[in-house]
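Student: I have a protein model open and would like to practise reading it. Could we go through the terms together?

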Amino acid sequence: GFRHADSIPVAERVIAELGEKSGKFTVDYVRTDEEMARKMTPEALRQVDGVFFASTTGDLPLPDRDAFLKWIASGRGFAGAHAAADTFHGFPPYIEMLGGEFLTHGPQVEVECRVDDPKHPATRPIAGSVKVFDEIYLYKSYDRSRVHLLLGLDSHPNDKTPGHYPIAWCKEYG
């Protein structure tokens, strides 16, 4: 799919800095199909506590997609940013685990995201709302009752039609 060439290195750097500053985790990267074949096997994942999909898109060459989801369901961590919802469209169990699937987006726009859970660790540092300038994703296969919304909009990011437009959420899986 589309390679987010500008944002992926930024995500890599920020995640690594968060680990270094907190001392809570270290980061290893999977950047090629060969690395994925080696580092994402069920055996290799036993040595890892969590995985972050930084703007992945399309069908990734995971050695065993079902085993990957079982690994997450066993209590391991998964986080996905931006186009992680544009990954594995033809693999419904992934979409179910994630909680939503990319449908489309309009042009980049600045929006003010409402904080839906100010006590959650991910949103605790945000006071009231946060401004974002991006192409705001719209989702399908999204069920509001099956996720814990963290950030949202009350109107369409581009045409301002009232409604529920999720920006960030979390979800228990397994």
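Student: How do the residues of the lining of the largest pocket divide into nonpolar, polar and charged?

Tutor: Happy to help! This is a predicted model. The lining of the largest pocket divides into 31 nonpolar, 7 polar and 6 charged residues.

Student: What makes a residue part of that lining, and which residues lie nearest the centre of the largest pocket?

Tutor: A lining residue has an atom within 4 Å of a pocket point. For the largest pocket, 44 residues line it, and Gly-80, Ala-81, His-82, Ala-168 and Trp-169 lie nearest its centre. Gly counts as polar and Ala as nonpolar, so Gly-80 belongs to the polar group and Ala-81 to the nonpolar one.

Student: Which element gives the largest share of the lining of the largest pocket?

Tutor: That is α1, with 6 residues. Other elements giving two or more include β1, β2 and α5. The volume of this pocket is about 1500 Å³.

Student: What is the volume of the second largest pocket, and how does its lining divide by class?

Tutor: Its volume is about 1300 Å³, and its lining has 22 nonpolar, 10 polar and 9 charged residues. Asp-28, Val-30, Val-51, Phe-52 and Phe-53 lie nearest the centre of the second largest pocket.

Student: Now for helix α4. Which of its residues are called buried?

Tutor: They are Ala-67, Phe-68, Leu-69, Trp-71 and Ile-72. Buried means under 20% relative accessible area, so each of these residues falls below that cut-off. The elements covering them include α3, β1, β2 and α5.

Student: Why do residues three or four places apart in an α-helix point the same way?

Tutor: An α-helix has 3.6 residues a turn, so residues with that spacing point the same way.

Student: How do you know that Asp-64 caps the N-terminal end of α4?

Tutor: Look at the distance: a side-chain oxygen of Asp-64 lies 3.3 Å from the backbone nitrogen of Asp-66. The limit for a polar contact is 3.5 Å, so this pair is within it. Just after α4, Gly-75 has a positive phi of about 115°.

Student: Which residues touch the most other members of the largest nonpolar core?

Tutor: Among its 23 residues, these are Phe-53, Phe-68, Phe-78 and Tyr-94. At least two residues of this core come from each of β1, α4 and α5.

Student: What is Phe-68 in contact with, leaving aside its neighbours within four places in sequence?

Tutor: Its partners are Met-40, Leu-45, Val-51, Phe-53, Leu-62 and Phe-78. Contact means heavy atoms within 4.5 Å, so each partner meets that cut-off.

Methods: Residues are numbered from 1 along each chain as its sequence is written. This is a predicted model: local features need pLDDT of at least 70, side-chain atom pairs count only at pLDDT 80 or more; totals for chains, interfaces and linings use all residues. Side-chain values use heavy atoms; hydrogens and water are left out. Buried means under 20% relative accessible area, exposed over 50%, partly exposed in between (1.4 Å probe, protein chains only). Helices (H or I, at least four residues) and strands (E, at least two) are DSSP runs, numbered from the N terminus. A polar contact is a pair of N or O atoms within 3.5 Å; within protein, one must be able to donate a hydrogen and the other to accept it, and residues adjacent in sequence count only if both atoms are side-chain atoms. A nonpolar core is a set of buried Ala, Val, Leu, Ile, Met, Phe, Trp, Tyr and Cys residues joined through side-chain atoms within 4.5 Å. On a 1 Å grid over the protein atoms alone, a cavity is a set of points where a 1.4 Å probe fits but cannot get out, and a pocket is an open set with protein on both sides within 12 Å along at least five of seven lines; lining residues have an atom within 4 Å of a point. Grid points are joined across faces, edges and corners, and a volume is the space filled by probe spheres set on the points.
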